[in-house]
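Student: Could you take a close look at one part of this model for me and then work outwards from there? I'd like the cut-offs behind each term as you go.

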Amino acid sequence: MNIAVIGGTGDEGFGLALRLAGAGHRVVIGSRSEERGAQAAERARQMLGDDTPVDGTSNDTAAAGAELVFVTVPYAGQAEIYRSIKDAVPSGRVLVDTTTPLATAVGGRPWQVVRPWHGSAAEQAGAILGPGVRVVAGFHTVSAEPLQDLERPVEGDVLLCGDDGEAKRTVGELVEQIPDLRWVDAGGLAMARVVEPLTALLVSVNRAYGLREAGIKLVGRAAWGSPGG
């Protein structure tokens, strides 16, 4: 699958790019700067092997050539980024929004959140992109550090929210290609209002215990996946 990671020069995006490329997908790292995107891709190839299909370019170019798009940008710049790629994301495209509306966007603390006008950052993304784009919210409970540590699996559950069940399953299949990660169908896109603030909770836990990689794992089943599966 051809996957674009918008904002892939940041820690979370770069970690996702590494894991998805390592799973055999062609990944294009997007950045505001085409040069920075290319530099990040070169770094990824150095870590994964020179023949790994990772490229880098500008955000809009990356989005235009992708079958599936990840957007991994800070909340402060989310709206601007979505407006810049809107024309490159056609109706029917699956797009994964990982944004958490942390209060750092308005000068607050990373363990505090703000409430977007639309209820969640993912719903705000959908409103900017317009109807037809299949938005899935996810990866808010997976830290960047373990994603980038290729020597070990990534433990935890990825809670996916979205109104399109098939789109969630598509993203869930990608989650399962990252060793030890599971995915959970957390409901419609409006449930992102609950899931997104979990990032701030994990930041607080990491801060209290001197960690950088706390995650979330649900009990009750050996595997989750699609409720109908």
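Tutor: Happy to: let's start where helix α4 passes α5 in a right-handed crossing. The near helix is then turned clockwise from the far one by less than a right angle, while an anticlockwise turn would make the crossing left-handed. Helices here are DSSP runs of H or I with at least four residues, strands are runs of E with at least two, and both are numbered from the N terminus. The contact brings together Y75, Q78, A79, Y82 and R83 of α4 with A121, Q124, A125, I128 and L129 of α5, contact meaning heavy atoms within 4.5 Å. Sorted by class, these residues are seven nonpolar, two polar and one charged. For that sorting, Ala, Val, Leu, Ile, Met, Phe, Trp, Tyr, Cys and Pro count as nonpolar, Asp, Glu, Lys and Arg as charged, and the others, Gly among them, as polar.

Before going on, a word on where the values come from. This is a predicted model, in which local features need pLDDT of at least 70 and side-chain atom pairs count only at pLDDT 80 or more, whereas totals for chains, interfaces and linings use all residues. Residues are numbered from 1 along each chain as its sequence is written, and side-chain values use heavy atoms, with hydrogens and water left out.

Back to the geometry of the pair. The axes of α4 and α5 are 9 Å apart, and the packing angle is about 20 degrees. Each axis is a line fitted to C-alpha atoms, for helices over the stretch in contact, and angles run from 0 to 180 degrees between N-to-C directions. The two helices are therefore roughly parallel to each other; that label is for angles under 35 degrees, with over 145 counted as roughly antiparallel, 65 to 115 as roughly perpendicular and the rest as oblique.

How is α4 itself covered? Y75, G77, Q78, A79, I81, Y82 and I85 of this helix (residues 75-85) are buried, that is, under 20% relative accessible area, with exposed over 50% and partly exposed in between (1.4 Å probe, protein chains only). Their cover includes α5 (121-129), but also α3 (59-64) and the strands β1 (2-6), β4 (68-71) and β5.

Those strands lead us into the sheet. It is an open sheet of eight strands with mixed pairing, in the order β3-β2-β1-β4-β5-β6-β7-β8; two strands pair if DSSP finds at least two bridges between them. The edges are β3 (54-58) and β8 (181-185), each of which has a single partner strand, so one side of each lacks a neighbour in the sheet. On average, neighbouring strands are turned by 25 degrees against each other, direction ignored.

One of the strands covering α4 is β4, whose two faces are both covered: L68 and F70 are buried on one side, V69 and V71 on the other. Strand β4 pairs with β1 in the parallel sense over four bridges, and V5 stands opposite F70. Four bridges also join β4 to β5, again running parallel, and here V71 stands opposite D97. From β5 (residues 94-97), another four parallel bridges reach β6 (residues 134-137), where V136 is the bridge partner of V96.

At the β8 edge, five bridges join β7 to β8, and the two run parallel. W183 in β8 is the bridge partner of V158. Although an edge strand, β8 is mostly covered, with four of its five residues buried. W183 is also touched by S226, which has R169 as a contact too, not counting residues up to four places away in sequence. S226 is in the segment after α9 (198-209), and its 15% relative accessibility makes it count as buried.

For comparison with the helix pair we began with, look at α1 (residues 11-22) and α2. Their axes come within 11 Å and cross at roughly 50 degrees, so α1 and α2 are oblique to each other. This crossing is right-handed as well. The contact involves F14, L18, A21 and G22 of α1 and A40, R43, A44, M47 and L48 of α2, divided into seven nonpolar, one polar and one charged.
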